[in-house]
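Subject: Structure handover

Hello,

Here is the structure I promised to pass on. Please open it alongside this note.

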Amino acid sequence: LGGRPGPLIGLLPGAARGPAKRWPAEHFIAVGRRFAAEGAGLALFGGPAERALCAEVAAGIGPAALDLVGRTPLPVWAAALARCAVVICNDSGGMHLAAAVGTPLVAVYGLTDPARTGPLGRRCTIVQDSAQRARDIARDSQAAQNALAAIAPARVYEAARAWLG
């Protein structure tokens, strides 16, 4: 991991609960490109079901992105997340894993209530615009997808940048 002069940024574009919990791929790409332009390395993590989505994000970012999706057993994934300077993620199992290893993270939320499903720990920033918050959101909820899409990449970039000092 790494090999670039800047920090290592972890990206977790997937979420097992589907599109209602996924910030758009093009938003992850925009943030990744911005960090790559600054010399950061980017590592993409996720499970085997997220390979196509993450391959799209990695290709969109370019050579600064290392796609590890579905290629690392859980202990290796946890160790790799621990090496990241910050992780940008959706409300997902990977988010909880990053929080558990103590890596600062920026979690993007649509309509889900982070008070009920959010990461544990103090090194977490939640980015959410919706006043509507619920525990259970349908996997294909268009309202949830719209709420996520409305969160600008620049806002998530700034939240992640704040963890880098």
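Below is what turned up in it, starting with the cores and ending with the rings. Please keep in mind that this is a predicted model.

**Cores**

The largest nonpolar core has 31 residues. Within this core, F35, I88 and V156 touch the most other members. Several elements each supply at least two of its residues: strand 1 (8-12), strand 2 (41-44), strand 4 (86-90) and strand 5 (105-108), along with helix 1 (25-37), helix 2 (51-61) and helix 7 (153-164). Helix 1 gives the most, with 6 residues.

What surrounds I88? Setting aside neighbours within four places in sequence, I88 is in contact with I9, G10, L11 and L12. Its other contacts of this kind include F28, V31 and F35, and also V106, V156 and A160.

Another core lies apart from this one. This other core has 19 residues, including W77, L81, M95 and A99.

As background, nonpolar side chains in soluble globular proteins tend to be buried together.

**Helix 6**

Helix 6 covers residues 142-149, and A144, A147 and L148 are buried there. Looking down the helix axis, the buried residues of helix 6 fall within an arc of 100°, so they line one face of the helix. Helix 1 and strand 5 are among the elements that cover them.

**L66**

L66 is in strand 3, residues 65-67. Is L66 buried, exposed or partly exposed? Its relative accessibility is 39%, and buried would need under 20% while exposed would need over 50%. L66 therefore counts as partly exposed. Along the chain, L66 and G10 are 56 residues apart, and 9.6 Å separates their C-alpha atoms.

**Aromatic rings**

How many aromatic pairs are there? The count comes to 2.

One is W23 with F28. Their ring centres are 5.1 Å apart and their planes stand at 75°, so this pair is edge-to-face. Both W23 and F28 are buried.

The other is F35 with Y157. Here the centres are 4.7 Å apart and the planes are at 45°, so the pair is tilted. F35 lies in helix 1 and Y157 in helix 7, so the pair ties together parts that are 122 residues apart in sequence. F35 and Y157 are both buried.

Y157 has a charged partner too. The charged end of R34 sits over the Y157 ring, 3.7 Å from the ring centre.

Best wishes

Note on methods:
Residues are numbered from 1 along each chain as its sequence is written. This is a predicted model: local features need pLDDT of at least 70, side-chain atom pairs count only at pLDDT 80 or more; totals for chains, interfaces and linings use all residues. Side-chain values use heavy atoms; hydrogens and water are left out. A nonpolar core is a set of buried Ala, Val, Leu, Ile, Met, Phe, Trp, Tyr and Cys residues joined through side-chain atoms within 4.5 Å. Buried means under 20% relative accessible area, exposed over 50%, partly exposed in between (1.4 Å probe, protein chains only). Helices (H or I, at least four residues) and strands (E, at least two) are DSSP runs, numbered from the N terminus. Contact means heavy atoms within 4.5 Å. The arc is that of the directions from the helix axis to the C-beta atoms. Rings of Phe, Tyr and Trp (its six-membered ring) pair if their centres lie within 6.5 Å; planes under 30 degrees apart count as stacked, over 60 as edge-to-face and the rest as tilted. A charge sits over a ring if NZ of Lys or CZ of Arg is within 6 Å of the ring centre and within 35 degrees of the ring normal.
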